[in-house]
Amino acid sequence: MPRDPGPRNHPRGHPAALTPGAARRHSVSMPELPEVETVRRMLHATVVGRTVASVRLSGLRLRSPIPAGLPARARGRRITAVRRTGKYLLIDLDGEVTLLSHLGMSGRWLFHARPPAALEPHVHARVRFGDGAEMWYQDPRRFGLLRLVTTARLARDPALVRLGPDPIAEPPTGAGLAALARGVRTSVKAFLLDQRRVAGIGNIYASEILHRAGVDPRRRAGTLGRGEWDRIAAGTTRVLGEAIDRMGTTFSAYRTLWNEPGAYGERLLVYDRADEPCRRCGAPIRRIVQAQRSTFYCPSCQKARRKALPGRA
Ligand SMILES: [Zn+2]
């Protein structure tokens with residue numbers, strides 16, 4: 001449960017594989033809230049109580065360099081909790097420090113009770129515990145983030161300070177979303193992707209939420225009515241909850257802690273289903289490009305209104 005050690009005492013509130021049976025190769029996706037929450041739950045159940053014996057780094061930089069002093073600062077500390085806010089993992093260690101981790105585009109945490117002799121490629125941090133088990137951070141594309149932060153300073157950390165509320169810890173309401181969207185001229189799809197408004201939603205779940213809500217992704221956020229925001233709020237809670245239950249969606253890099261793909265892919269109603277029939281009405285799903293990212297929607301269930309913004313087919 002994201003609520004138990006939850007993102008409470010912390011800032012204000014706030015991944016493509018192979019879907020069975022289908023050769024889906026062109027969609028690149030990143031881990032979103034359900035994938036990160038799946039990793040969080042597994043880490044919480046596995047590494048809490050273990051003491052860090054050593055950390056070895058590859059020396060290669062991620063989105064920003066992994067601080068060289070991290071291994072010395074982490075050594076000897078016990079993991080006390082694994083929390084999450086948006087797409088960030090917060091691995092608390094005793095002595096008031098927290099390992100802040102973002103999976104970027106292709107990051108994963110893997111746990112080995114008995115680590116193999118050969119190291120896999122692209123492992124940039126190797127955390128060894130007192131009992132010989134290891135936790136590896138693997139990230140081929142190196143857009144992830146890993147650093148140690150004093151726990152009390154998390155709320156002011158530049159990575160977290162501007163994040164909006166986490167939609168699992170604080171489920172959005174139609175009224176709240178409508179207030180946030182007042183006067184906003186970007187598309188509702190871009191609105192949902194903006195981590196400053198709601199933290200954790202990415203490209204996959206934005207398309208899925210808007211389909212559940214019956215809202216055209218090209219509409220300007222500020223033009224939506226209250227009833228539409230109510231449906232988007234309900235769709236957010238439902239889609240993210242169902243995806244967490246199925247351990248997320250795997251399109252490329254994302255794996256659980258045990259190197260398994262997520263199982264939500266078969267439940268997707270629109271994402272990466274261009275030209276396939278809508279699971280609700282049978283009309284062909286359309287793919288457009290908004291801000292260089294693919295959006296998938298059903299032109300029949302998600303009817304355009306006059307104010308829709310253009311999307312490139
Ligand atoms: Zn439809």
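This is a short tour of a predicted model, stop by stop, with something to select at each one.

**The whole chain**

Start with the full protein chain in cartoon view: you should find six helices and ten strands. Of its 313 residues, 48% count as buried.

**Strand S1**

Select residues 52–57, which make up strand S1, and pick out alanine 53 in it. Is alanine 53 buried, exposed or partly exposed? It counts as partly exposed, because it has 16 C-beta neighbours inside 10 Å, and a residue needs 20 or more to be buried. Now add Arg128, Phe129 and Gly130: alanine 53 touches these residues, leaving aside those up to four places away in sequence. Glycine 76 is worth selecting too. Alanine 53 and glycine 76 are 23 residues apart in sequence, and their C-alpha atoms are 5.8 Å apart in space.

**The largest nonpolar core**

Next, select Ile91, Leu192, Tyr205 and Ile209. The largest nonpolar core has 71 residues, and these four touch the most other members. Which helix gives the most to this core? That is H6, with seven residues. Colour residues 7–156 (domain 1) and 174–297 (domain 2) separately: both domains give residues to the core, so it lies between them. There's a wider pattern to keep in mind here: in soluble globular proteins, nonpolar side chains tend to be buried together.

Zoom in on leucine 192. Not counting residues up to four places away in sequence, it touches Val198, Ile201, Ala206 and Ile209.

**Helix H5**

Two of those contacts, Ala206 and Ile209, are among the buried residues of H5, so select residues 203–213 to see that helix. How many of its eleven residues are buried? Eleven of the eleven, so H5 is mostly covered. The buried residues include charged and polar names as well, among them Glu208, Arg212 and Asn203. To see what covers them, show helix H4 (188–193), H6 and strand S10 (293–297), which are all part of the cover.

**Just past H5**

Step on to glycine 214, which follows H5 and has a positive phi, near 70°. Then select aspartate 216, in the loop between H5 and H6. Why does aspartate 216 count as buried? Because 25 other C-beta atoms lie within 10 Å of its own, and the cut-off is 20 or more. Add alanine 304 to the view: aspartate 216 and alanine 304 are 88 residues apart in sequence but 5.4 Å apart in space, C-alpha to C-alpha.

**Where H3 meets H6**

Select residues 174–181 (H3) and 226–245 (H6). These helices pack at an angle of about 115°, with their axes 8 Å apart. Their crossing is right-handed. Show side chains for Gly174, Leu177 and Ala178 in H3, which meet Arg226, Trp229, Asp230, Ile232 and Ala233 in H6. By class, this contact has five nonpolar, one polar and two charged residues.

**Two unusual turns of the backbone**

Finish in the loop between H6 and strand S9 (286–290), where you can select methionine 247. Aspartate 275 is in the loop between H6 and S9 as well. Most residues other than glycine have a negative phi. Methionine 247, though, has a positive phi of about 60°, and aspartate 275 has a positive phi of about 75°. How do their surroundings compare? Methionine 247 counts as buried, with 23 C-beta neighbours inside 10 Å, whereas aspartate 275 counts as exposed, with 8.

Methods: Residues are numbered from 1 along each chain as its sequence is written. This is a predicted model: local features need pLDDT of at least 70, side-chain atom pairs count only at pLDDT 80 or more; totals for chains, interfaces and linings use all residues. Axes are lines fitted to C-alpha atoms, for helices over the stretch in contact, and angles run from 0 to 180 degrees between N-to-C directions. Helices (H or I, at least four residues) and strands (E, at least two) are DSSP runs, numbered from the N terminus. A crossing is left-handed if the near helix is turned anticlockwise from the far one by less than a right angle, and right-handed if clockwise. Two residues are in contact if their C-beta atoms, placed from the backbone, lie within 7 Å. Ala, Val, Leu, Ile, Met, Phe, Trp, Tyr, Cys and Pro count as nonpolar, Asp, Glu, Lys and Arg as charged, and the others, Gly among them, as polar. A nonpolar core is a set of buried Ala, Val, Leu, Ile, Met, Phe, Trp, Tyr and Cys residues joined through C-beta atoms within 7 Å. A residue is buried if 20 or more other C-beta atoms lie within 10 Å of its own, exposed if 12 or fewer, and partly exposed in between; C-beta atoms are placed from the backbone. Domain bounds come from an automatic or database domain assignment.
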